[in-house]
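Got the viewer open? Take this as a walk from one selection to the next, with a word on what to look at each time.

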Amino acid sequence: EAVAVLSELERDYKDHQDVVYAGAIVKCSSGKYGEAIKSLTDLLTRYPGKENYLRALAFAQSEGSNPSGASETYSKLISMEIPDAELFMLRAECYRKTGEREKAMSDIIRYLTFYPGSKAALRLAGRTESSSGNNLKALEYFSENLRLHPNDPECYIDRGNSYFLSKSWQWAINDYSMSLDLDPGNSDAWL
């Protein structure tokens, strides 16, 4: 339905910024990230620094397999001093994907100063350390997440995966089993 409405709007108001922006959002929701990036980049040349356009562009870049471009766009948003700590988490995930561990951890630590004990931040810190080969440090973050969120099966999966990568088989099995006890239908816990 959104595509039909958008087609009608594009026919009547093709170059209007709101129509182009709506088109980019629809393209993102359809998985056409490359087309969305082109539309949003064109919009930003006409309206530089517009927050919602930058956010949409960063999302499209991140989802469209361009985490490096997304991290640059998130950096622009952060430099605009937008009061949204979530931007640090979004940029950290992009840095993690590009292997920029130090930058990712810096953003995660910054986010944790705003939201200490954040399950998402501790999880991302563990994943960042794990993807960099720092499994012992990853285990620290995953264990802290479990201490703070002992009834969350995903926390057990995360730590179990880290134990698995460390070849600590019995510890991994224990965590996967605990995850299944908490959520018997959790397919991630089945090896």
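Start by colouring the chain by burial: of its 191 residues, 41% are buried. Bear in mind as you go that this is a predicted model. The accessible surface adds up to about 10,700 Å², and carbon and sulfur atoms account for 52% of that.

Now switch to a cartoon view. What do you get by way of helices and strands? The chain has eleven helices and zero strands, so reading from the N terminus, by the definition of these elements, every step is another α: α-α-α-α-α-α-α-α-α-α-α. Turn the whole thing along its principal axes and the C-alpha atoms fill a box of roughly 65 × 35 × 25 Å. Looking at contacts between residues at least 6 apart in sequence, 40% of them join residues at least 24 apart.

**First stop: the nonpolar cores**

Select Leu40, Ala60, Tyr74, Leu77 and Leu87. These are the residues with the most contacts inside the largest nonpolar core, which has 23 residues. Which helices feed this core with at least two residues each? They are helix 2 (17–29), helix 3 (33–46), helix 4 (51–63), helix 5 (67–79) and helix 6 (86–97). As a rule, nonpolar side chains in soluble globular proteins tend to be buried together.

Stay with Leu87 for a moment and show what surrounds it. Setting aside residues up to four places away in sequence, Leu87 touches Arg55, Tyr74, Leu77, Ile78 and Ile82.

Next, select Ala92, Tyr95, Leu112 and Tyr141. They are among the 14 residues of a second, separate core.

**Second stop: aromatic rings**

Show the aromatic side chains. There are seven aromatic pairs to find. Zoom in on Tyr21 and Tyr53, whose rings sit 5.2 Å apart centre to centre with 40 degrees between their planes, a tilted pair. Where in the chain do the partners come from? Tyr21 belongs to helix 2 and Tyr53 to helix 4, 32 residues apart, and the pair links these distant parts of the chain.

Buried or exposed: how do the two rings' residues compare with the cut-offs? Tyr53 has a relative accessible area of 1%, so it is buried. Tyr21 comes in at 21%, and because buried means under 20%, Tyr21 counts as partly exposed. Add Tyr47 to your selection as well: ring pairs link Tyr21, Tyr47 and Tyr53 into a cluster.

**Third stop: the cysteines**

Select the cysteines and look for bridges between them. How many disulfides are there? The structure holds zero. Take Cys94: the nearest cysteine sulfur belongs to Cys28 and is 13 Å away, while a disulfide needs the two sulfurs within 2.5 Å, so Cys94 is in none. Cys94 has 1% relative accessibility and therefore counts as buried. Cys155 is buried too, at 3% relative accessibility.

**Fourth stop: helix 10**

Cys155 is a good lead into helix 10, where it is one of the buried residues. Select residues 153–165 to pick out this helix. Try a distance between its end C-alpha atoms: they are 18 Å apart, which agrees with the 18 Å expected for 13 residues at 1.5 Å a residue.

Colour the buried residues of helix 10 and you will light up Pro153, Cys155, Tyr156, Ile157, Asp158, Arg159, Gly160, Ser162 and Tyr163. What covers them? The cover includes helix 8 (119–131), helix 9 (135–148) and helix 11.

Asp158 deserves its own click. This residue of helix 10 has a relative accessible area of 4%, so it is buried. Leaving out neighbours within four places in sequence, Asp158 is in contact with Arg123, Arg127 and Phe142.

**Last stop: two loop residues**

Finish in the loops. Select Ser65, in the loop between helix 4 and helix 5. Ser65 is not a glycine, yet its phi is positive, about 65 degrees. With a relative accessible area of 68%, Ser65 is exposed.

Then jump to Lys167, in the loop between helix 10 and helix 11 (169–182). Lys167 also has a positive phi without being a glycine, in this case about 60 degrees. Its relative accessible area is 61%, so Lys167 is exposed.

Methods: Residues are numbered from 1 along each chain as its sequence is written. This is a predicted model: local features need pLDDT of at least 70, side-chain atom pairs count only at pLDDT 80 or more; totals for chains, interfaces and linings use all residues. Side-chain values use heavy atoms; hydrogens and water are left out. Buried means under 20% relative accessible area, exposed over 50%, partly exposed in between (1.4 Å probe, protein chains only). A nonpolar core is a set of buried Ala, Val, Leu, Ile, Met, Phe, Trp, Tyr and Cys residues joined through side-chain atoms within 4.5 Å. Contact means heavy atoms within 4.5 Å. Rings of Phe, Tyr and Trp (its six-membered ring) pair if their centres lie within 6.5 Å; planes under 30 degrees apart count as stacked, over 60 as edge-to-face and the rest as tilted. Accessible areas come from the Shrake-Rupley method with a 1.4 Å probe; for residues, only the protein chains shown count as cover. The expected span of a helix is 1.5 Å times one less than its number of residues.
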